[in-house]
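Biologist: I would like to go through this model with you, beginning with its charged pairs. Please give the cut-offs as we go.

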Amino acid sequence: MKKIRKLMSALLAMSLVFSLLAVSASAAGAEETGMLPFNLQALADQDLETASPEMKEAIMLARRLLASGSWVGGGEAQEGVFSTKDLAAMDTKTASPELRNAIMLARRLIVYGSQGWTVGGAVSEFDKETGEVTPLPEFSDLWPEWDLNELSLSKDPMYYTDTFWTGASGVNYPVKLHVLTEKERPSYNYEWNYYAHTVSTAYLSKNNAAGTNGGVCSPFTARRTSAVFLLTSAPGATDYNVQLYRGLPGQGERVSDYAKVAVNNGVYFLGLTVGENYYLKISSGTLKTDACTAAYSLFY
């Protein structure tokens, strides 16, 4: 009974997205989120024969909801009714791509709604009448399980597809890696105002066929579930190879896929464990010499 109720809640959450999208943009602007409406029909159309037992329950319920034409949404504490807050709190790791889409939409409606927040104390609330300055709560205190960068990147229609992430090796690593696009790259020019920002240099070596020549750089302790690494300059190289490791420098285990990135561009990592130690391993196949001193930035 408990499992069925959970499945019903999930589907009611999905149907709520239709209600959310029908409301005017006053609730943080659904149109501004860039998300496509959740497609309940796509779930109902899935093959029952190949679906898991849990998915079969979801598919059948989706079909019943479509047949009845009754969409449920609204209040917080009513029996059988799913709120925006309930939807936003669902686990994106175990959800289907379409449900993750809906969860992210709900989170953005909350994050960019009436609740004020800041990152690193960068913004405060100022009362014009009294002159009083009130600190705003930190994003991480309000929503410790959510990632601010992911909320932005997930607006990309490709975000929930395999092609958005590197997937070069076919290995399912715990940390996902995304090469920044030309549109995403400029936003990190000002991110240092809001997140921990390390600027330093690293030894960039020429890679070999075995991929063992990479140099270790940029050790850090995760403060949130994502990080961004950019190699901003590398004399004599046009691109570089990068992958993420967990543990002490030179002694850790690989936790991300491998990617080739243009110099002065970077990668976004998602799935880090807060409090864990990480470091990067870099090399380049386009160096004209055996090695060079490269400059990098890290946001975490």
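Modeller: A salt bridge here is a side-chain nitrogen of Lys or Arg within 4 Å of a carboxyl oxygen of Asp or Glu. This is a predicted model, where local features need pLDDT of at least 70 and side-chain atom pairs count only at pLDDT 80 or more, while totals for chains, interfaces and linings use all residues. Residues are numbered from 1 along each chain as its sequence is written, and side-chain values use heavy atoms, with hydrogens and water left out.

Biologist: How many salt bridges does the count come to by this rule?

Modeller: Arg246 pairs with Glu253, their closest N and O atoms being 2.5 Å apart. Arg254 pairs with Asp257, with 3.9 Å between the closest N and O atoms. By the rule, the count of salt bridges is 2.

Biologist: Is Asp257 buried or exposed?

Modeller: Buried means under 20% relative accessible area, exposed over 50%, and partly exposed in between (1.4 Å probe, protein chains only). Its partner in the salt bridge is Arg254, which has 28% and is therefore partly exposed. Asp257 has a relative accessible area of 6%, so Asp257 is buried.

Biologist: Where is Ser218, and is Ser218 buried or exposed?

Modeller: Ser218 is in strand β5, residues 215–221; strands are DSSP runs of E, at least two residues long, numbered from the N terminus. Phi of Ser218 is near 55°, a positive value in a residue other than glycine. Because the relative accessibility of Ser218 is 3%, Ser218 counts as buried.

Biologist: In which loop is Asn264 found?

Modeller: Asn264 also has a positive phi for a residue other than glycine, near 75°. Asn264 has 40% relative accessible area and so is partly exposed. The loop of Asn264 lies between β9 (259–262) and β10 (265–270).

Biologist: Which strand gives the most to the largest nonpolar core?

Modeller: A nonpolar core is a set of buried Ala, Val, Leu, Ile, Met, Phe, Trp, Tyr and Cys residues joined through side-chain atoms within 4.5 Å. The largest has 31 residues, and those with the most contacts inside it are Leu204, Phe220, Phe229 and Phe269. Strands that each supply at least two residues of this core include β4 (197–205), β5 and β6 (226–233). The strand that gives the most, with 4 residues, is β12.

Biologist: How many residues has the other core that lies apart from it?

Modeller: Among the members of this other core are Leu87, Val111, Trp146 and Leu148. The other core has 29 residues.
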